[in-house]
Amino acid sequence: QGFIYCLLVTRDGLIITGSGDKSIGFWDLKTKEHKDFIKDAHDLQILSLTMNQAEDLLISGSWDKSIKIWNLKDRTMIHKLPDAHHDGIWTVALSHNSEYIISGSDDNTIRVFGMKDKKCLKIFENIHTNWISALVFTSDDKYFISVSYDQSVKIFDLEKLALVFSFEKVHKSPGRALAISSDNKLIISASYDKSIRVLKNPFYN
């Protein structure tokens, strides 16, 4: 019933969507049939989804400022991080080893949570000057990368929980999407300025 803000596809062909109607939907990629949905999964729009490598855990971020962890098999909520941010959560990412959740928000902060105890380990403030729109981990989980409406791309050391490199004014308009090559050498960002930028990751030769 609402805008679809985000989606994932599992290896066995399940499409998962996060919507403005506060629901998480499940669709069969092969038959295009609507299989199931979690009604009122959040109190407001669902803006971001991610899942673990085993594809049995789903994580959602919402305009209601919360992050929720779901059992993907039975669609039940395992844990809720209420007020994870002070404003809507545009992006959530899970490390490949499933030990860390990172989230980015309209409150201009990036937060790092431990999956084991669900505690906030670090709040990155005054790093970006506008919304954080996308986050990704490198494949070895040594770093994570952000892109923001402030037009910059930044790299963080996960072990040290520290900012280690900044690409300033990568775009002429807000940055909106982010990806990384499988060998971690290239960072790709996209923007409302209608451009895609390819950046060399300085930590991988």
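Q: Is Asp21 buried, partly exposed or exposed in this predicted model?
A: In this predicted model, Asp21 has a relative accessibility of 25%. A residue is buried under 20% and exposed over 50%. The value for Asp21 lies in between, so Asp21 counts as partly exposed.

Q: Where along the chain is Asp21 found?
A: Asp21 is not placed in a strand but in a loop. The elements on either side of this loop are strand 2 and strand 3. The place of Asp21 is therefore the loop between strand 2 and strand 3.

Q: Which residues does Asp21 touch, not counting residues up to four places away in sequence?
A: Asp21 and Gln45 are 24 residues apart along the chain, and their C-alpha atoms are separated by 6.2 Å. Gln45 is not listed among the contacts of Asp21. Beyond four places in sequence, the residues that Asp21 touches are Gln1 and Gly2.

Q: How many helices and how many strands does the protein chain have?
A: The secondary structure of the protein chain is made up of strands, without helices. Strand 11, for example, covers residues 110–114, and strand 16 covers residues 162–167. The count for the protein chain is zero helices and 19 strands.

Q: What radius of gyration does the protein chain have?
A: The C-alpha atoms fill a box of roughly 45 × 35 × 30 Å along the principal axes. For 205 residues, a compact globule would have a radius of gyration near 17 Å. The value for the protein chain agrees with this, because it is 16 Å.

Q: What share of the 205 residues counts as buried?
A: A residue counts as buried when its relative accessible area is under 20%. Phe113, at 6%, is buried, and Glu55 is also buried, at 12%. Of the 205 residues of the protein chain, the buried share is 51%.

Q: How far apart do the centres of the positive and negative side chains lie?
A: The protein chain has 26 positive side chains and 26 negative side chains. Each of these two sets has a centre. The two centres lie apart by 3 Å.

Q: Which strand gives the most residues to the largest nonpolar core?
A: In soluble globular proteins, nonpolar side chains tend to be buried together. Here the largest nonpolar core has 14 residues, and those with the most contacts inside it include Ile16, Phe26 and Leu49. Two or more residues come from each of strand 1, strand 2, strand 3 and strand 5. With three residues, the element that gives the most is strand 5.

Q: Which residues belong to the second, separate core?
A: Apart from the largest core, there is a second one. This second core has 13 residues. Its members include Tyr143, Val153, Phe167 and Tyr204.

Q: What is the relative accessible area of Ser103?
A: Ser103 is located in strand 10. Among the residues that Ser103 touches are Ile67, His85, Thr91, Val92 and Phe113. Ser103 is buried, because its relative accessible area is 0%.

Q: Where is Phe113 found?
A: Phe113 is buried, with a relative accessible area of 6%. Beyond four places in sequence, Phe113 is in contact with residues including Ile67, Leu81, Tyr100 and Leu121. By contrast, the C-alpha atoms of Phe113 and Thr17 are 23 Å apart. Phe113 belongs to strand 11.

Q: Is Phe165 buried, partly exposed or exposed?
A: Phe165 is found in strand 16 and touches Val153, Lys154, Ile155, Pro202 and Phe203, leaving aside residues up to four places away in sequence. Its relative accessibility is 30%. This lies between the limits of 20% and 50%. Phe165 therefore counts as partly exposed.

Q: What phi does Glu55 have?
A: Most residues other than glycine have a negative phi. Glu55, in the loop between strand 5 and strand 6, is not a glycine, yet its phi is positive. The phi of Glu55 is about 60°.

Q: In which loop is Ser98 found?
A: Ser98 is not a glycine, but it has a positive phi of about 60°. At 23% relative accessible area, Ser98 is partly exposed. Ser98 is found in the loop between strand 9 and strand 10.

Methods:
Residues are numbered from 1 along each chain as its sequence is written. This is a predicted model: local features need pLDDT of at least 70, side-chain atom pairs count only at pLDDT 80 or more; totals for chains, interfaces and linings use all residues. Side-chain values use heavy atoms; hydrogens and water are left out. Helices (H or I, at least four residues) and strands (E, at least two) are DSSP runs, numbered from the N terminus. The radius of gyration is taken over C-alpha atoms; the globule rule is 2.2 Å times the number of residues to the power 0.38. Buried means under 20% relative accessible area, exposed over 50%, partly exposed in between (1.4 Å probe, protein chains only). Lys and Arg count as positive and Asp and Glu as negative; His and the chain ends are not counted. The place of a charge is taken as NZ of Lys, CZ of Arg, CG of Asp or CD of Glu. A nonpolar core is a set of buried Ala, Val, Leu, Ile, Met, Phe, Trp, Tyr and Cys residues joined through side-chain atoms within 4.5 Å. Contact means heavy atoms within 4.5 Å.
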